[in-house]
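Please read the points below with the sequence and the structure open beside them. They are offered as a colleague's note, and each point treats one topic.

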Amino acid sequence: MEISVVTVTCRDLYLADQMVALKNQTFRDFEWLIVDDLYEIRKQEIKDMIGGTLVYQHLPPSKINDYFSSVPALNTALTYARGELIFFMVDYIIPHQDCLARHWELYKTYPKSYFSGL
């Protein structure tokens, strides 16, 4: 596994659109980690939506606070991530079809660097 795509979420905005965008990536050696405050409510929905089309893990965060705090969810994702490169995909971002390929290329060209954005 070369890339772990990490999405933390507590809302239902673009997960279906993100799934389609990830299915259409030109780079294929990745997994998608969805750490979801609503895991218990929609675990079957996510399983049905993704089916066997992507390597993914849908997880509850280690802790849910009654205020905004993405850190427990990010820590949960990092615990389960298997990729050499972590790509943080916020739950309102729809990646271009070459997004992961470009990030992998930059990662290999400039080791020990941090990239953010398009």
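1. In this predicted model, the cover over the buried residues of helix α2 includes β1 (3-9), α1 (15-23), β2 (30-36) and β3 (56-59). The residues in question are Tyr39, Arg42, Ile46 and Ile50. They lie on the same side of α2, because the arc they cover around the axis is only 95°.

2. The length of α2 deserves a remark. The helix runs over residues 39-50 and has twelve residues. A straight helix would reach 16 Å at 1.5 Å a residue, yet the end C-alpha atoms of α2 are only 14 Å apart. The helix is followed by Gly51, and the phi of Gly51 is positive, near 55°.

3. Arg42, one of the buried residues of α2, also takes part in a salt bridge. Its partner is Asp36, and the closest N and O atoms of the pair are 2.6 Å apart. Both Asp36 and Arg42 are buried. The pair belongs to a network of salt bridges that links Asp12, Asp36 and Arg42.

4. How many salt bridges are there in the model? The count comes to seven. Among them is the pair Glu31 and Arg82, whose side chains meet at 2.9 Å, N to O. This pair links distant parts of the chain: Glu31 is in strand β2, whereas Arg82 is in the loop between α3 (71-80) and β4, and the two are 51 residues apart. Glu31 has a relative accessible area of 0%, so it is buried. Arg82 has a relative accessible area of 49% and is therefore partly exposed; the cut-off for an exposed residue is over 50%.

5. A further salt bridge joins Glu105 to Arg102, with the closest N and O atoms 3.0 Å apart. Both residues lie in helix α4, and the three residues that separate them in sequence amount to about one turn of the helix. Glu105 is partly exposed, at a relative accessible area of 43%, and Arg102 is also partly exposed, at 42%.

6. A nonpolar patch on the surface should be noted as well. It is formed by Leu13, Tyr14, Val90, Tyr92, Ile93 and Ile94, which together have about 520 Å² of accessible area. Tyr92 is found in the loop between β4 (85-88) and α4 (99-109). With a relative accessible area of 47%, Tyr92 is partly exposed.

7. Tyr14, another member of the patch, lies in the loop between β1 and α1. Tyr14 has a relative accessible area of 36% and is therefore partly exposed. Which residues does Tyr14 touch, if those up to four places away in sequence are not counted? The contacts are Asp91, Tyr92 and Ile94, and of these Tyr92 and Ile94 are listed in the patch. By contrast, the C-alpha atom of Tyr14 is separated by 18 Å from that of Leu74, a residue 60 places along the chain.

8. The last point concerns the backbone at Lys112. This residue is found in the segment after α4. Its phi is positive, about 65°, although Lys112 is not a glycine. Is Lys112 buried or exposed? Its relative accessibility is 85%, so Lys112 counts as exposed.

How values were computed
Residues are numbered from 1 along each chain as its sequence is written. This is a predicted model: local features need pLDDT of at least 70, side-chain atom pairs count only at pLDDT 80 or more; totals for chains, interfaces and linings use all residues. Side-chain values use heavy atoms; hydrogens and water are left out. Helices (H or I, at least four residues) and strands (E, at least two) are DSSP runs, numbered from the N terminus. The expected span of a helix is 1.5 Å times one less than its number of residues. Buried means under 20% relative accessible area, exposed over 50%, partly exposed in between (1.4 Å probe, protein chains only). The arc is that of the directions from the helix axis to the C-beta atoms. Contact means heavy atoms within 4.5 Å. Patches are made of residues with over 30% relative accessible area and no salt bridge: like charges are joined within 9 Å, nonpolar side chains (Val, Leu, Ile, Met, Phe, Trp, Tyr) within 5 Å. Accessible areas come from the Shrake-Rupley method with a 1.4 Å probe; for residues, only the protein chains shown count as cover. A salt bridge is a side-chain nitrogen of Lys or Arg within 4 Å of a carboxyl oxygen of Asp or Glu.
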